[in-house]
Structure formats: C-alpha cells, structure tokens
Amino acid sequence: MIIFGSRTSSKIVAMLVFVCGACGREAAQRLVRRRTWFTLFFTPIFPFGHGTYAISCAYCGAHSPITRENADRFVKDSEAAQINAEADRILAAEDARIAAEQNGQGQPPLQG
Ligand SMILES: [Zn+2]
C-alpha cells in the first residue's frame with residue numbers, strides 16, 4: 001500500500017526590523033514562506049508551486065500576505081542590512097584599534 005498526501009510547512013526566510021503596519025511599533029518582521037509539499041509515506045517529496053509569503057510581526061503577531069516580488073525584495077534588503085551591520089562592526093573595531101595605538105603609542109592602556 002502506498003501512502004501519499006500533502007503537508008504544509010512554514011519557514012522563516014528572512015528578518016528585518018521596521019515599523020509594523022498593524023501595531024505601529026518598530027519590531028522584527030519575519031518573512032515566512034508557506035509551502036505545500038507532496039508527501040509519500042509522510043516524507044515531503046516535492047513542493048507544489050512556489051508557495052506563499054507573508055510578513056509576521058514579532059510584537060503583535062499580525063500576519064500580512066505579500067507577493068513573491070516583495071518577498072524577494074525583503075530578502076535582498078535583509079541581506080543588505082546584515083552586510084551593513086557587519087561592515088559597521090569591522091569599522092568600529094578598526095577605529096578602536098587605531099585610537100588605542102595613537103593614545104598608548106605602543107604602550108598598554110592605563111588602568112583606572
Ligand atoms: Zn505588529
């Protein structure tokens with residue numbers, strides 16, 4: 001006997017922090033992709049179509065469906081935000097190192 005069916009799974013694809021359209025608070029907005037899979041013996045084999053996308057607010061839990069085009073943009077924005085955060089961190093560390101060198105002129109920083 002062959003057992004087949006379908007299963008819908010949700011997955012957080014990306015995250016951005018911005019003002020929520022529902023609660024008006026600045027909170028993490030999660031891009032959630034829902035996909036229905038064809039299953040064989042309860043194992044997902046292949047998905048039906050591209051799935052649907054929604055933005056879920058971490059603060060109020062509001063679920064707003066968005067188009068695939070907007071979802072793609074969301075992913076790009078979140079990737080850009082992560083790259084910028086990483087660049088800021090590296091630059092800040094570099095600034096601190098230069099400042100320490102200039103202040104101490106090779107000597108260890110004073111305590112207290
Ligand atoms: Zn909200």
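**A four-stranded sheet and one helix**

User: In this predicted model, how many bridges join E2 to E3?

Analyst: Strands E2 and E3 run antiparallel, and one of the pairs between them sets Gln 29 against its bridge partner Cys 57 in E3. The hairpin of E2 and E3 has two residues between the strands, and Phe 41 takes a positive phi near 50 degrees there. The number of bridges that join E2 to E3 is 11.

User: What pattern does the protein chain follow when read along the sequence?

Analyst: The secondary structure of the protein chain comes to one helix and four strands. Read along the sequence, these elements follow the pattern β-β-β-β-α.

User: Which strands stand at the edges of the sheet, and why is one side of each left without a neighbour?

Analyst: The four strands form an open sheet in the order E1-E2-E3-E4, with antiparallel pairing. A strand at the edge has a single partner strand, so one side of it is left without a neighbour in the sheet, and the strands in that position are E1 (4-19) and E4 (63-66).

User: How many bridges join E1 to strand E2?

Analyst: Strand E2 covers residues 26-40 and runs antiparallel to E1. Within this pairing, Gly 5 has Thr 39 as its bridge partner in E2. The number of bridges that join E1 to E2 is 15.

User: Which residue takes a positive phi in the hairpin of E3 and E4?

Analyst: E3 and E4 pair in the antiparallel sense over four bridges, and one of the pairs brings Ser 56 together with its partner His 63 in E4. The hairpin of these strands has five residues between them, and the residue with a positive phi, near 80 degrees, is Gly 61.

User: Why can the helix H1 be said to lie largely in the open, and how many of its residues are buried?

Analyst: Helix H1, residues 68-104, packs on the sheet and touches E1, E2, strand E3 (43-57) and E4, with its direction making about 50 degrees with that of E1. At 1.5 Å a residue, the 37 residues of H1 should span 54 Å, which agrees with the 54 Å between its end C-alpha atoms. H1 lies largely in the open because, of its 37 residues, the number buried is two.

User: Which residues make up the largest nonpolar core?

Analyst: The core has six residues in all, and E2, E3 and H1 each supply at least two of them. One of its members is Ala 71, and, leaving aside neighbours within four places in sequence, Ala 71 is in contact with Leu 31, Tyr 53 and Ile 66. The residues of the core are Leu 31, Val 32, Tyr 53, Ile 55, Ala 71 and Phe 74.

User: Is Arg 33 buried, partly exposed or exposed?

Analyst: Arg 33 lies in strand E2 and, leaving aside neighbours within four places in sequence, is in contact with Lys 11, Val 13, Gly 51 and Tyr 53. A buried residue needs 20 or more other C-beta atoms within 10 Å of its own. Arg 33 has 19 C-beta neighbours inside 10 Å, so it counts as partly exposed.

User: What is the radius of gyration of the protein chain?

Analyst: The C-alpha atoms fill a box of roughly 75 × 40 × 30 Å along the principal axes, and 8% of the 112 residues count as buried. The globule rule gives 13 Å for 112 residues, and the chain's value is well over that, so the chain is more spread out than a compact globule, with a radius of gyration of 23 Å.

Methods:
Residues are numbered from 1 along each chain as its sequence is written. This is a predicted model: local features need pLDDT of at least 70, side-chain atom pairs count only at pLDDT 80 or more; totals for chains, interfaces and linings use all residues. The radius of gyration is taken over C-alpha atoms; the globule rule is 2.2 Å times the number of residues to the power 0.38. A residue is buried if 20 or more other C-beta atoms lie within 10 Å of its own, exposed if 12 or fewer, and partly exposed in between; C-beta atoms are placed from the backbone. Two strands pair if DSSP finds at least two bridges between them. Two residues are in contact if their C-beta atoms, placed from the backbone, lie within 7 Å. Axes are lines fitted to C-alpha atoms, for helices over the stretch in contact, and angles run from 0 to 180 degrees between N-to-C directions. The expected span of a helix is 1.5 Å times one less than its number of residues. A nonpolar core is a set of buried Ala, Val, Leu, Ile, Met, Phe, Trp, Tyr and Cys residues joined through C-beta atoms within 7 Å.
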